[in-house]
Amino acid sequence: MKKTQLFCFILFAFIIFCFCSCVSHTERPKISPEEADDIPQVSGQDVLAPKKDKVFSENAVIQGSLIIDENLRKTFPVFNPKDKNASDKAVQERLTDMANNLLVNADFSGKVPMPQQIQVEIVELDELNSFSAGNQTIFITRKMLDAAEDSDQVASIIAHELAHISLGHTLAFFDDSSKEKIKLSAEKCLYVMMEGYGDNAEFAADQETLAILKRSGKNPEAFVQFLRNIRPLIQEDSPDIASTHPHILQRIANIAK
């Protein structure tokens, strides 16, 4: 009887070990040897210096976010549901629903208040990009959406922007001490966003993207596959993510650590 119990215990422990090894294997995406050979050196560029102990008021953040939102709508050809057919309207609604489902699984640690809801807007632009207006709106270019092969890859685009929001990147230079400073600092936040947050901020957002996807029941590997999808589409001298983000292979290598 004791030998039987010991055998069962050993068998059970072996099964648990195999299961944990499998889970560990699937949680960390791998980078191929070919990709590893092509990885450029990380520059270490980091634009942001967020005030981690600063907690902004919700109303001030909404005001600042709306200022950024208004400026982005003036700058980019944002998709207008009134001018589109029912199919396009449905796509935008699904994106917004997806964003709000992911939102509840983003880790807002107090630097920026968690918004009650998030809106997704489609930008009719032939470049690969996505960006956020404070903590209220996520903008995704049509070309970026078209590069996604399935809903999990679309979710990874949204999750990456939510990561920037929850980590405080989108409002790193925000100042809510007065109405005038809200306006001026919101415009500064917009400028920094358009110029790029810096390598370290992007690497941190990539890691948080995986966490958001996992907590939301999505496949984290979809994010890595999406990065691989867009790698051949990126033009190094174009105004898309190549000018504001680390090299795709640097990002994949960082995720695989």
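These are my notebook entries on the pockets and cavities of this structure, with a closer look at one residue, Thr-244. The model is a predicted one.

**Entry 1: largest pocket**

I started with the largest pocket. I read its space as about 190 Å³. I then listed the lining, which runs to 17 residues. Closest to the centre of the pocket I noted Asn-129, Ser-130, Phe-131, Met-193 and Thr-244. Next I asked which elements each supply at least two residues of this lining. I found strand S2 (130-133), helix H6 (151-166) and helix H7 (179-195). I also sorted the lining by class: 6 residues are nonpolar, 7 polar and 4 charged.

**Entry 2: second largest pocket**

I moved on to the second largest pocket. Its volume came out at about 160 Å³. From the N-terminal side of the list, I wrote down Glu-58, Ile-62 and Thr-96 as lining residues. The lining also takes in Met-114, Pro-115, Gln-116, Gln-117, Ile-118 and Gln-119. Asn-135, Gln-136 and Thr-137 complete the list. By class I have 4 nonpolar, 7 polar and 1 charged.

**Entry 3: cavities**

I looked for enclosed space next. How many cavities of 30 Å³ or more does the structure hold? I count 2. The largest cavity holds about 90 Å³ of space. Its lining has 14 residues, and those closest to the centre are Ser-130, Met-144, His-160, His-245 and Arg-251. H6 and helix H9 (221-230) are the elements that give two or more residues to this lining. I split the cavity lining into 7 nonpolar, 5 polar and 2 charged residues.

I cross-checked my lists for Ser-130. I have Ser-130 among the residues closest to the centre of the largest pocket, and again among those closest to the centre of the largest cavity. Helix H6 also turns up twice, in the lining of the largest pocket and in that of the largest cavity.

**Entry 4: Thr-244**

I went back to Thr-244, one of the residues closest to the centre of the largest pocket. I placed Thr-244 in the loop between H9 and helix H10 (248-255). Is Thr-244 buried or exposed? I logged Thr-244 as buried, because its relative accessibility is 15% and the cut-off for buried is under 20%.

I checked the side chain of Thr-244 for polar contacts. It makes one with the side chain of His-245, at 2.9 Å. His-245 is in my cavity entry too, among the residues closest to the centre of the largest cavity. Leaving out residues up to four places away in sequence, I found that Thr-244 touches Met-194, Glu-195, Gly-196 and Glu-202.

Note on methods
Residues are numbered from 1 along each chain as its sequence is written. This is a predicted model: local features need pLDDT of at least 70, side-chain atom pairs count only at pLDDT 80 or more; totals for chains, interfaces and linings use all residues. Side-chain values use heavy atoms; hydrogens and water are left out. On a 1 Å grid over the protein atoms alone, a cavity is a set of points where a 1.4 Å probe fits but cannot get out, and a pocket is an open set with protein on both sides within 12 Å along at least five of seven lines; lining residues have an atom within 4 Å of a point. Grid points are joined across faces, edges and corners, and a volume is the space filled by probe spheres set on the points. Helices (H or I, at least four residues) and strands (E, at least two) are DSSP runs, numbered from the N terminus. Ala, Val, Leu, Ile, Met, Phe, Trp, Tyr, Cys and Pro count as nonpolar, Asp, Glu, Lys and Arg as charged, and the others, Gly among them, as polar. Buried means under 20% relative accessible area, exposed over 50%, partly exposed in between (1.4 Å probe, protein chains only). A polar contact is a pair of N or O atoms within 3.5 Å; within protein, one must be able to donate a hydrogen and the other to accept it, and residues adjacent in sequence count only if both atoms are side-chain atoms. Contact means heavy atoms within 4.5 Å.
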